[in-house]
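The following questions and answers introduce the structure shown below. Each answer reasons briefly and closes on what was asked.

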Amino acid sequence: MSTQTRGIEVVGALKPQYDEILTPDALKFIEELERNFGERRVKLLQYRQKRQEELNNGKLPDFLPETKHIRNGDWTIAPLPKDLRDRRVEITGPTDRKMVINALNSGAKLFMADFEDATSPTWENIVEGQINLRDAINRTILFENPNGKKYVLNEETAVLIPRPRGLHLEEKHVLVDGKPISGSFFDFGMYFFHNVKNLLAKGTGPYFYVPKLESHLEARLWNDVFVYAQEELGVAQGTIKATVLIETIMAAFEMNEILYELKEHSAGLNCGRWDYIFSYLKKLRNHEDVILPDRSQVTMTVPFMRSYSLLTIQTCHRRKAPAIGGMAAQIPIKNNPQANEEAFAKVRADKEREARDGHDGTWVAHPGLVPVAMEVFDREMPQPNQIHSSKQQTITVTTKDLLEVPGGTITEEGVRLNINVGIQYVESWLSGRGAAPIYNLMEDAATAEISRSQLWQWIRHKKGVLNDGRKVTAEMYEQLKCEELGKIKQELGAQVYEKGRFTEAVELFDRMILNDDFVDFLTLPGYELL
Ligand SMILES: CC(=O)SCCNC(=O)CCNC(=O)[C@H](O)C(C)(C)COP(=O)(O)OP(=O)(O)OC[C@H]1O[C@@H](n2cnc3c(N)ncnc32)[C@H](O)[C@@H]1OP(=O)(O)O
Ligand SMILES: O=CC(=O)O
Ligand SMILES: [Mg+2]
């Protein structure tokens, strides 16, 4: 058969229950999504490249002149469904069976079930994630730990809001006419196809987070996908509600436009701080004056991060949309009450800043942090949200504010930590775990992107100089890497280390640091190894 007419094929392994997700009708739906929108997705990725080339040649991101009328216009998004009006605490996590139950039972208002930053997109994780979410919606999800502990859903659970993969990722186990399809369309399409009717019957709806957008034209693509999907399945237009992550520097200049494109389908914006830092580095990597200090110093209170968060609040509320905050990386620390309290205090301070600034809710990475964030938002935000508050409505955030290079220092410790944590994370991702606790912090694809981008930049940038005066170089990287690998081996034990995928992780990490060509996403070459 010619590759032109092969239709849709599943080339991934078919394990028990996979046929319940990969049904002929569901696959047909996915095939149509790919046929109708696949080419546009590829063109939009090429547009990203074009804009990157312009930035590489010295241009700076800015508000678009051609959409000024949208920024100045008087419009709002469509009213929100009842279960999206109070989003004070949202828990996030991968779609593992046990974690899905734990997250839904955590006491958070929403659960962002993640096929993106927190998931290593192995075929098993992707299809089983769909099985788990379907079973959660049907309330048939059960899990038993090896120790016999049984997991079932509570009577009251969080509202489910999955996050499909970003537009750059493909699903190589499903082909249309011999070519891998979009991971976004697979994740969105399968969830929507299998669950929309049940979600509506239960009084909730098909809600999504949309990650890593770089322009309002990408939001327009998603909107068209939603319109098409609703029409195909006979669901009223405007039923889907999507919260877009503002987690690229380009999107920060198009917040109004993104909300406008999705108007009928919008549930607001979220500050994806970790990818945002990565994007700032990536997009401006060739700019002589742009350099970031140690990762630990790039907090939400440095001027360019604070400007972005305040602009998100201002923009959302002007459009009557929720502005959700982001993820503090601290997680509970076992067996050390003092360190645990310090971690909780950092999360508390982060959530206080968000609530006081005007955010309508926030993210936590762990069930243990739900009460911490809940207490802050209950205290600072007695009403369901702050959409109607006047906070930030009179501020002016300029292009200069959004691009301001922060101060700070680059230290040997910072270089070591980026190497150590980056390699450990890549090994975890290659082993199928997309979120990992490393040195008491949550690490996921977005945080690892910062680590490797900083190393790439510090080696090449003339200001990539340590606070003791030494220039960061490829040779320094090699030497510190050997030492850090020794430490990792000692901490994990030789047996665990040898059984892991450290050799491949180091090769991949080296490639991203030592090659002059900047790798767009670590998950792209990584996916070739999954
Ligand atoms: C940049 C961004 O995109 S942020 C959003 C993406 N990132 C994430 O979503 C990360 C979410 N967090 C996690 O995956 C995890 O909390 C980790 C990997 C950071 C830490 O995991 P662990 O070390 O296993 O946590 P820990 O051992 O403390 O877990 C204790 C219990 O809480 C559960 N748990 C921990 N985190 C979560 C979570 N996010 N959702 C649901 N349950 C969770 C564990 O399953 C475990 O349950 P059990 O006691 O029934 O066995
Ligand atoms: O997706 C969230 C982020 O911070 O990145
Ligand atoms: Mg992200």
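Q: At which residues does UniProt place the feature "domain: Malate synthase C-terminal"?
A: The feature comes from an unreviewed UniProt entry. UniProt positions are given in the numbering used here, feature names are shortened, and annotations may be inferred rather than shown by experiment. The span is 66% helix and 5% strand, and its end C-alpha atoms lie 32 Å apart; helices (H or I, at least four residues) and strands (E, at least two) are DSSP runs, numbered from the N terminus. UniProt places this feature at residues 410-529.

Q: On what kind of model do these answers rest, and how are residues, chains and ligands labelled?
A: Residues are numbered from 1 along each chain as its sequence is written, while chains are lettered from A and ligands numbered from 1 in the order in which they are written. Local features need pLDDT of at least 70, side-chain atom pairs count only at pLDDT 80 or more, and totals for chains, interfaces and linings use all residues, since this is a predicted model.

Q: Which domains does the domain assignment of the protein chain give?
A: Domain bounds come from an automatic or database domain assignment. The centres of the two domains, taken over C-alpha atoms, are separated by 26 Å. The assignment gives domain 1 (18-401) and domain 2 (409-528).

Q: Which element gives the most residues to the side of domain 1 that touches domain 2?
A: In domain 1, 30 residues are in contact with 33 residues of domain 2, contact meaning that the C-beta atoms of two residues, placed from the backbone, lie within 7 Å. The elements giving two or more residues to this side of domain 1 are β2 and α10. With six residues, the element that gives the most is α10.

Q: Why does ligand 1 lie between two domains, and which are they?
A: Among the 24 residues around ligand 1, those that come nearest are Thr 92, Gly 93, Asn 102, Asp 117 and Ala 435; a residue is near a molecule if its C-beta atom, placed from the backbone, lies within 6 Å of it. Because both domains give residues to the shell, ligand 1 lies between domain 1 (18-401) and domain 2 (409-528).

Q: Which element gives the most to the shell around ligand 2?
A: The residues around ligand 2 include Asp 117, Glu 247, Arg 273 and Asp 275. Two or more residues of this shell come from each of α10 (273-283) and β12 (323-327). The element that gives the most, with three residues, is α10.
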